[in-house]
Amino acid sequence: MDDLRGALWRAATNRRARLPRTSSLPGTEVDEAVRAVLGRAFEHLWDHGWLPYDVYEAVRREADGSALSFLVDSLALEAARYPVLHPRWRAQLAEIGAEVWWDAGAPLVDEWARRHIELRDDAVAAAVAVLAVLVELPALPVIVPKPGTPLSDLDHHNVHPKVLNRVRGLLAKAESTAFPEEAEALSAKAQELVTRHALERMPAEAPTTTSRRLWLDKRYFDGKAQVVHVVAKANRCRAVVYDLGFVALVGEELDLEIVELLSASLLVQATRAMVAAGERAGKSSEERSQAFRKSFLLSYAHRVGERLRAVNEVPEDDRLLPVLAERKKAVDEYFGSMFTRTVAKSTTVRSSAGWDAGRSAADRANLSLG
């Protein structure tokens, strides 16, 4: 058993090492070895701030579909070990579809191979591909209690379901409409709705400062991250960009939920407008160049930030000014405790046409959530 574990680990950490042949070994022995090496890696990651969806995204970007599928099943098995999981853990496992679909007493490597019409050695290769990604991941700030940690009563201060449904409905309409003016009106209404909802709840609720991670597609990542940044700033949150492919957000639970919803909608609208500009211009045009699209997104983010600041002007209600100041202080302190060293990053705009088009698209963008 120890020899097999060592062989799996060497195969994951040394590209020259050969994968062990497992077809002649008992299925339970192979499965125990695979679970042991992956469990070791998982435990290290949970201790160093990683969450299930983070791991899923990291593997999705670096490995193939077989490895990703094996990871999802391995996460389901890993989660089943713990009697207590944070609600965010449970939500993320559900989001990636991690559930034990096989007889938990049967070896996963064989069950996975059977389901995917593969050999056991293929399942082991998928497990090693997962492990090869996991062992290279850096430590992250801890933002959620690791699995198995006893939890106190949690009050998440989420957006009220009725408001959330209205917001999602408005954003869905904004994303689907072919009329820019309509999309703009819907987005503005959504932002106004959630801002009003947040401000109305502030005096009665204690701060619940926390952190979330928003993973983005790596193509034109800087521009997309900038969109998230301006949305976060407009909604009383702070953001840090990780080259791994995500933006770390710090703020109140309610505000972070707003940031995620609005950022997702604005990025859909931006991508649609950016692609449409290229399609109208035709092949080999500047509108299809990388410089144009990078500049488009940066300009779009800049203009969206201007519009959001206008929508979210400090209310005249003097009662809220001390509350807003207290919330800002709590967010800044939490941010400072998590990120002791941050570096400002600048991006060069190389297409004036892209900048102008991005600004025009941002003028048309729907800023509303409901």
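## What encloses helix α6

The cover over the buried residues of α6 includes α2 (27-47), α4 (65-79) and α7 (120-134). This is a predicted model, and α6 is a friendly place to start reading it. Helix α6 spans residues 108-115, and six of its eight residues are buried, so the rest of the structure largely encloses it. Those buried positions are L108, V109, D110, E111, W112 and A113. The list holds the acidic residues D110 and E111 alongside W112, so a look at their surroundings in the viewer may be rewarding.

After α6 comes I117, with a positive phi near 55 degrees. I117 sits in the loop between α6 and α7, and its phi is positive although I117 is not a glycine. Is I117 buried or exposed? With a relative accessible area of 75%, I117 is exposed, because anything over 50% falls in that class.

## The chain as a whole

Stepping back, the secondary structure of the chain comes to 14 helices and three strands. The chain has 370 residues, and 51% of them count as buried. Taking contacts with a separation of 6 or more, 80% join residues 24 or more positions apart.

## Two nonpolar cores

The largest nonpolar core has 62 residues. Which of its members touch the most other members? They are L38, W46, W50, V55, F70, L71 and L134. A second, separate core has 35 residues, including L266, A270, M274 and V304.

W46 deserves a visit of its own. Beyond its neighbours within four places in sequence, W46 is in contact with L51, P52, V55, L75, E78, Y82, W89, K146 and P147. One of these partners, V55, is also among the core members that touch the most others.

## Helices α3 and α7

Helix α3 covers residues 52-62, and its axis comes within 10 Å of the axis of α7, crossing at roughly 110 degrees. That angle makes α3 roughly perpendicular to α7, because the class runs from 65 to 115 degrees.

On the α3 side, the residues that meet α7 are V55, A58, V59 and E62. On the α7 side, they are V130, V133 and L134. By class, this contact has six nonpolar residues, no polar ones and one charged residue. V55 and L134 appear here and also among the core members that touch the most others.

An α-helix has 3.6 residues a turn, so residues three or four places apart point the same way. The positions V55, A58, V59 and E62 of α3 can be viewed with that spacing in mind.

## Helices α10 and α12

Helix α10 (residues 221-234) packs against helix α12 (residues 290-311) at an angle of about 5 degrees, with the two axes 8 Å apart. The pair is therefore roughly parallel, because angles under 35 degrees count that way.

From α10, the contact is made by D222, G223, K224, Q226, V227, V230, V231 and A234. From α12, it is made by L297, L298, Y300, A301, V304, G305 and L308. Sorted by class, the residues are ten nonpolar, three polar and two charged. V304 belongs to this contact and to the second core as well.

Further along, R236 lies in the loop between α10 and β2 (238-242). The phi of R236 is near 65 degrees, a positive value in a residue other than glycine. At 23% relative accessibility, R236 counts as partly exposed.

## S211 in strand β1

S211 is found in strand β1, which runs over residues 209-215. Its relative accessible area is 1%, so S211 is buried. What does its side chain meet? A polar atom of the S211 side chain lies 2.8 Å from the backbone oxygen of L249.

Leaving aside residues within four places in sequence, S211 is in contact with R88, I143, L249, V250, L256, Y334 and M338. L249 thus appears both in this list and as the partner of the S211 side chain.

## R90 in helix α5

R90 belongs to helix α5 (residues 87-95). With a relative accessible area of 45%, R90 is partly exposed. Not counting residues up to four places away in sequence, R90 touches P83 and L85. Between R90 and A79 the C-alpha to C-alpha distance is 8.8 Å, for a sequence separation of eleven residues.

Methods
Residues are numbered from 1 along each chain as its sequence is written. This is a predicted model: local features need pLDDT of at least 70, side-chain atom pairs count only at pLDDT 80 or more; totals for chains, interfaces and linings use all residues. Side-chain values use heavy atoms; hydrogens and water are left out. A nonpolar core is a set of buried Ala, Val, Leu, Ile, Met, Phe, Trp, Tyr and Cys residues joined through side-chain atoms within 4.5 Å. Buried means under 20% relative accessible area, exposed over 50%, partly exposed in between (1.4 Å probe, protein chains only). Contact means heavy atoms within 4.5 Å. Helices (H or I, at least four residues) and strands (E, at least two) are DSSP runs, numbered from the N terminus. Axes are lines fitted to C-alpha atoms, for helices over the stretch in contact, and angles run from 0 to 180 degrees between N-to-C directions. Angles under 35 degrees count as roughly parallel, over 145 as roughly antiparallel, 65 to 115 as roughly perpendicular and the rest as oblique. Ala, Val, Leu, Ile, Met, Phe, Trp, Tyr, Cys and Pro count as nonpolar, Asp, Glu, Lys and Arg as charged, and the others, Gly among them, as polar. A polar contact is a pair of N or O atoms within 3.5 Å; within protein, one must be able to donate a hydrogen and the other to accept it, and residues adjacent in sequence count only if both atoms are side-chain atoms.
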